[in-house]
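Reader: I would like to learn how to read salt bridges in a model, and then what surrounds them. Where should one begin?

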Amino acid sequence: MALDLTGLTAYVDENKMELIKKSILQGRTLEYVTIQPDIKSSATINIIDTDLVIQAGACGWNADGTTTLSQRPLAVDKMKVNEATCVDDLEAYYTQKMMNAGSYNETIPFEQIYSEDKSEKIANEIDNVIWKGDKGAGAGNLAFSDGYFKLIDSLAGSTVNGNTGAVTVATGITAANVVDIVDGMVNSVPEDIINADDLFLFMSYANYRTYAKALRDANLYHYNGQEDQGQEFSQMVPGTNVRVVALKGFSGTARMILSRKANLYFGTDLLNDSEDFDIFYSKDNDEVRFLSKWKQGVQVAFPSFIVDLILVP
C-alpha cells in the first residue's frame, strides 16, 4: 500500500522568513550642494559683483568702477506621493498571520519596514530629479521638476566646456581616457575659484569605478584608492583640491560636472518635508493611506563656475 499525494500541493512555509526590502542605491547629492530652505514658491539668489579700478595717486577725485547687483531665480515645484492600501486584502494570504484579530483592519501589519522602504525610495528619487528632472520632456518621476542637467544645458555658452585637450574627440568614458578626461576638467576650472576648498567633480558610479581602477592600474605601485577617500565612492584627484564624487543622479550617463558646493543651490520649503510622511487610516474609504509632500528646485549662482562635460555613454 502506498501514499497517494497527487491531490496535494507541495507545502511552502511563507511565514518562516521576515519581510525584507529591496536594496536601492541611495542618493546623497544634498551633502554636496547649498540648501536654501523656506521657499514656498520662488526666491532669488542675490549676487553682488564689483570691479576695482586703480588710479595713479594724485590730488583730485576721479570716480571709476561699478558695483552690480543681480539675481538668479530659485523656484521650487510641489511634489507628493499618495498611496492607499486596503488592509482587508491581506487576509487571504500569508500576511494574515501578521494581522490583529477582528475585522477592523486599521493599520498595516508591517508598517515599520513599509515606512523605511518608502522613505528610502523618496530620497532616491529626489536625487534623480535633482539632476535629471525635466518638466518639458521628462518621463515618470522625472517630469515634475527641472534638474541641474536641464538648467546647465540652458546655460550653454556661459559655462565651461570640460571636454578639452587630448580627449576632445572622445565619444565615451573608458579606462584608456578617463584619467585624461578628469585631468582636463580639473585644468578647466576657472582661475577665480581654483583655490576653493569646496570643489567637487560629480560622475556616475560606473564612471567613478572606471576612474578608480585606471588610477590603480597606472599608478606607480603605491596608489590603492584609500589615501584620500574619506568616504565611500569619493576621493581626491591626485595632486589637486578637487574631490571626485559618485552620485546616483548621474547613473546611465557619461556626463561629469565640476563646480563649487557654494555655487550649486537646492531650494526647498522645509528641509525634512520629504522625511515627515504620514500614514493614517481613512474611515470614509476603509483604507490605510500614505502621504508625503515636499518642494524642490535647483539653480546655480555663477554659470561661469560650472565645468560641464557631456559624452556619448
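**Salt bridges and their setting**

Author: The count of salt bridges comes to 13, taking a side-chain nitrogen of Lys or Arg within 4 Å of a carboxyl oxygen of Asp or Glu. The model is a predicted one. As a general idea, side chains of opposite charge can pair when their charged atoms come close.

Reader: How far apart are the closest N and O atoms of D117 and K121?

Author: They are 2.8 Å apart, and the two residues form a salt bridge. D117 and K121 both belong to helix 1 (residues 111-132) and are four residues apart, so about one helical turn separates them.

Reader: Are D117 and K121 buried or exposed?

Author: The cut-offs are needed here: buried means under 20% relative accessible area, exposed means over 50%, and partly exposed lies in between. D117 has 22% relative accessibility and is therefore partly exposed. K121, at 32%, also counts as partly exposed.

Reader: Which residue forms a salt bridge with D146?

Author: The partner of D146 is K150, with 3.3 Å between the closest N and O atoms. D146 is partly exposed at 26% relative accessibility. K150 is partly exposed as well, at 31%.

Reader: What does the salt bridge between R260 and D198 tie together?

Author: The side chains of R260 and D198 meet at 2.7 Å, N to O. R260 lies in strand 9 (residues 254-260), while D198 is in the loop between helix 3 (178-187) and strand 6 (199-203), so the pair ties together parts that are 62 residues apart in sequence. As for accessibility, R260 is partly exposed at 26%, whereas D198 is buried at 12%.

Reader: Which residues are linked with D269 in a network of salt bridges?

Author: K40 and K295 are linked with D269 in that network.

Reader: Turning to another charged residue, where is E287 placed, and what does it touch?

Author: E287 is in strand 12 (residues 287-300). Its relative accessibility is 16%, so E287 counts as buried. The side chains of E287 and R289 are joined by a polar contact of 2.8 Å. Leaving aside residues up to four places away in sequence, E287 touches A84, T85, C86, F280, Y281 and S282.

Reader: How should one read a pocket, taking the second largest pocket as the case?

Author: One can look at its space and then at the residues that line it. The second largest pocket holds about 270 Å³ of space. Its lining includes M79, K80, V81, N141, F144 and W294. K121, the salt-bridge partner of D117, is also one of the lining residues.

Reader: Which element gives the most to the lining of the second largest pocket?

Author: Helix 1 gives the most, with six residues. Strand 4 (77-85) and helix 1 each supply at least two residues of this lining.

Reader: What do the totals for the chain say?

Author: The secondary structure comes to four helices and 13 strands. The chain has 313 residues, of which 40% count as buried. Among contacts in the chain with a separation of 6 or more, 74% come from residues 24 or more positions apart. The accessible surface of the chain comes to about 18,700 Å², and carbon and sulfur atoms account for 52% of this surface.

Definitions and conventions:
Residues numbered from 1 in each chain as written. Predicted model: local features only at pLDDT ≥ 70, side-chain atom pairs only at ≥ 80, totals over all residues. Heavy atoms only, no water. Buried < 20%, exposed > 50% of the residue type's maximum accessible area, 1.4 Å probe, protein only. Polar contact = N/O pair within 3.5 Å; in protein donor to acceptor, adjacent residues only side chain to side chain. Contact = heavy atoms within 4.5 Å. Areas by Shrake-Rupley, 256 points an atom, 1.4 Å probe, with all protein chains shown as cover. 1 Å grid on protein atoms, 1.4 Å probe; cavity = no way out; pocket = protein on both sides within 12 Å on 5 of 7 lines; lining within 4 Å. Points joined across faces, edges and corners; volume = space filled by probe spheres on them.
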